[in-house]
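Student: I've got a model open and I'd like to learn how to read it. Can you walk me through it?

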Amino acid sequence: MNKKLAAALSGGSVLLMALSGCSDDSGSKVNDWAKKVCDQVQPQLTKIANANASIQQATSDSSTPADVQKTDAAAFQSISDAYKALGAAVNSAGAPPVDDGETTQKEAVSELNATSTAYAGLKTKVDDLDIKDQAKFADGLKGVADELDKLSKSGDEALRKLQSGDVGAAMAKQPGCQRPKTSASAGQSS
């Protein structure tokens, strides 16, 4: 059961990486916009990666239901906070200086905020799991894993659009939008 949750988290990393783009050259206005966003993105991407690592650690060892619940709830809250901060970063940067930039920005912010809300919902579900009954806990965790799997596959179209073309190229060049390296102690944070 815990392995399914860990597998679903791996799928969730796709959404995390939607902000890291890939391509070459673009104009200075777009680069300036990307820098504004990416300077705020890296700490959030690291927070998400570390939260995912802590969940995978808790699900890979012989943790008690109470430990899994505590770890998962804290991780989902951290991920929710990170997506909210990502939405705020894209929002505060303003519309990217490209065709349909305002629409692209609004859709990306909306999607990031919706993802934040979804992770907050998963935290609540984990908090509500019955840790005294192993079978109920496993069933509840399966439900959380199923929702997480759907979340990882859900619409990240706005983010794909944000990180495409000139904007994606500019974001890919920014150190703050590069894939974070999780610390070896990510699963050991308290």
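Student: Let's start with the basics. How many helices and how many strands are there in the protein?

Tutor: Keep in mind that this is a predicted model. The protein has seven helices and zero strands. Going from the N terminus, the elements read α-α-α-α-α-α-α.

Student: OK. What share of the residues of the protein count as buried?

Tutor: Out of 190 residues, 45% count as buried. Sequence separation is another thing to check: take the contacts between residues at least 6 apart in sequence, and 85% of them join residues at least 24 apart.

Student: Now helix packing. How are two packed helices described?

Tutor: You give the angle between their axes and the distance between the axes. Try helix H2 (residues 28–60) and helix H7 (residues 165–173): their axes come within 8 Å and cross at roughly 55°.

Student: Why do H2 and H7 count as oblique?

Tutor: Angles from 35 up to 65 degrees fall between roughly parallel and roughly perpendicular, so they count as oblique. With a crossing of roughly 55°, H2 and H7 are therefore oblique to each other. The crossing of this pair is right-handed.

Student: Which residues make the contact between H2 and H7?

Tutor: On the H2 side, look for Val 30, Asn 31, Trp 33, Ala 34, Val 37 and Cys 38. From H7 come Asp 166, Val 167, Ala 170, Met 171 and Lys 173. Sorted by type, the contact residues are eight nonpolar, one polar and two charged.

Student: And the nonpolar core? Which residues have the most contacts inside the largest one?

Tutor: Those are Trp 33, Phe 76, Tyr 119 and Met 171, in a core of 34 residues. H2, helix H3 (65–93), H4, helix H5 (134–153), helix H6 (157–162) and H7 each put in at least two residues. H2 gives the largest share, with 10 residues. Two of those names should ring a bell: Trp 33 and Met 171 also take part in the contact of H2 with H7.

Student: What does Tyr 119 touch?

Tutor: Leave out residues up to four places away in sequence, and Tyr 119 touches Phe 76, Ile 79, Ser 80, Tyr 83, Leu 148 and Leu 151.

Student: Last one: is Thr 117 buried or exposed?

Tutor: The cut-off for exposed is over 50% relative accessible area. Thr 117 counts as exposed because its relative accessibility is 56%. You'll find Thr 117 in helix H4 (residues 101–127). Thr 117 and Tyr 83 are 34 residues apart in sequence, with 8.7 Å from C-alpha to C-alpha.

How values were computed
Residues numbered from 1 in each chain as written. Predicted model: local features only at pLDDT ≥ 70, side-chain atom pairs only at ≥ 80, totals over all residues. Heavy atoms only, no water. Helix = DSSP H or I, 4+ residues; strand = E, 2+ residues; numbered from the N terminus. Buried < 20%, exposed > 50% of the residue type's maximum accessible area, 1.4 Å probe, protein only. Axes fitted to C-alpha atoms, helices over the stretch in contact; angles between N-to-C directions. Parallel < 35°, antiparallel > 145°, perpendicular 65-115°, else oblique. Left-handed = near helix turned anticlockwise from the far one by under 90°. Contact = heavy atoms within 4.5 Å. Nonpolar A, V, L, I, M, F, W, Y, C, P; charged D, E, K, R; others polar. Core = buried A, V, L, I, M, F, W, Y, C linked by side-chain atoms within 4.5 Å.
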